[in-house]
Amino acid sequence: MSNEENNNGENNIEEKKENKNKKIDIVMGDPKIAIRKLSWPIMVSMLVTFAYNLADTVWVAGLGTNSLAALGFFMPIFLIIISLGNGIGAGTNSLIARAIGGKDKKKADNIAIHGILITVFISLLAPIVLIFFLNNILLLMGAGTIAPLTSQYATIILIGLLVLLLPAVGSSILRSEGDVNRAMNVMVITAILNIILDPIFIYVLKLGLAGAAYATLISSSIAVVIISYWLLVKKDTYLNISKEDFNFDLGIIKEIIYIAIPTTSEIIIFSIVSIIINFILSQTGGPIGVAVYTAGWRIVSLAMIPHMGLATATLTVVAAAYGGRKFKKLIDSYNYSIKLGLSISTIVGILVFIFASEIAMIFSYSEASLIPAISEFLRIISIFCIALPFGIISSTTFQGLGKAFISLILTIQRALIFEVVFMLLFAFLLNMGVYGVWLGLAIGGAIGYSVSFIVTKLYLRGFKKVNIKE
């Protein structure tokens, strides 16, 4: 081999090292710059995923009411499963970032491998348990005659669970080292591919609802291949994934699960609150009330996306600062995210309030009679939208610190205490009906989020005192 070839090889290695270090330098550097650079690709990923879910529903709706209902009955189970993958990803992200902050790369590598192995284990175990009890679960949920159709779709999804969960954990590993752009690209490719494959498998190949399941698994499989190539073949990531870097550690497994369980439980709580809201609405407003809530909540889901992006970025930065005992940076990261999130939520809240009628028209073009009711919902819920960053960013901050159960408690106090109590109070005791449900949800949510903010600020004071002493 010539000297020139040797030099080129050495240059390529140095270039790779430099690129890896640049990504880590973002996480370890100025928290304001880090949060801005890390958050926007995450926002794009979530926005594309939202668009995919919307498109998926539209394509399935073309099959008829039964297929749409079948998809709806499996959705709560599906969300819990996906949230488990996201929970493992959050736990892995938090631990890796803390290890990187503490300059313990060997431990960071080992954590990444443990996160992948936990995902593989759950992906193989969960389908065995769920498929066996699937029909009984669906009947308990009230699926009735639609249960066989739901079961057909659900079985395909559960068998391919591994390819659904691995991208979430793989993306979290990339985000933990500051490589958010590639994590975003994977999510975008998956979503676009799914949107393209849905009509082909559902209608062209005439597979119906099962086709939607196959399209989801194939698009996710592509994501697994891409991430696996980066981590295992190209090896241009900061973290190393190999047998040599693996050292079984039960403590790491416990810590990942410690964050994953509360994160997953939060989704279960959201599902419980949705069931309670639908029950209250069925008593006060009937199907129209449920339809208004379903349409209006899509706007709230959109409004959450910027804060979810900020929160995920904050988790990484806070965890790295915590691992490196840089407590001032930790506090500055949280404060900056809250300020940035509040500026976004205030603008969004004002726009939702002003243009409520126009927004309502988009989601009720086929039912013009719903426009006034959806407009009323949006104007009231704009209060809730403004308070979003207080709760979402506070919860992920505790996840970054490894205190996921505090995050869970904050979710419980907001959703199951303030929101539910205020909705029942306004709707029934004050006899305000559907209007009371919207008012209770908005005020209860805003108070609950504010409590989360106060608790987080008080908790971070402890770090401030430690920082002063050191």
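This is a short tour of a surface patch and two helix pairs in a predicted model.

**Stop 1: the nonpolar patch.** Select Ile189, Ile192, Ile196, Ile200, Val204, Leu205, Leu207, Tyr214, Ile218 and Ile222, and show their surface. Together these residues make a nonpolar surface patch of about 820 Å². Now colour helix 7 (180-204) and helix 8 (209-234), each of which supplies at least two residues of the patch. Helix 7 gives the largest share, with five residues.

**Stop 2: Ile222.** Centre the view on Ile222, a patch member that lies in helix 8. Its relative accessibility is 36%, so Ile222 counts as partly exposed, a class that runs between the 20% limit for buried and the 50% limit for exposed.

**Stop 3: helix 5 against helix 8.** Keep helix 8 on screen and add helix 5, residues 147-159. How far apart are the axes of helix 5 and helix 8, and at what angle do the helices pack? The axes are 9 Å apart and the angle is about 15°. Helix 5 is therefore roughly parallel to helix 8, since angles under 35 degrees fall in that class. The crossing of helix 5 with helix 8 is right-handed.

**Stop 4: helix 10 against helix 13.** Next, select residues 286-323 for helix 10 and residues 371-400 for helix 13. Their axes come within 8 Å of each other and cross at roughly 20°. By that angle, helix 10 is roughly parallel to helix 13. Helix 10 and helix 13 form a right-handed crossing.

How values were computed. Residues numbered from 1 in each chain as written. Predicted model: local features only at pLDDT ≥ 70, side-chain atom pairs only at ≥ 80, totals over all residues. Heavy atoms only, no water. Patch = residues over 30% accessible without salt bridge, like charges linked within 9 Å, V, L, I, M, F, W, Y side chains within 5 Å. Areas by Shrake-Rupley, 256 points an atom, 1.4 Å probe, with all protein chains shown as cover. Salt bridge = Lys/Arg side-chain N within 4 Å of Asp/Glu carboxyl O. Helix = DSSP H or I, 4+ residues; strand = E, 2+ residues; numbered from the N terminus. Buried < 20%, exposed > 50% of the residue type's maximum accessible area, 1.4 Å probe, protein only. Axes fitted to C-alpha atoms, helices over the stretch in contact; angles between N-to-C directions. Parallel < 35°, antiparallel > 145°, perpendicular 65-115°, else oblique. Left-handed = near helix turned anticlockwise from the far one by under 90°.
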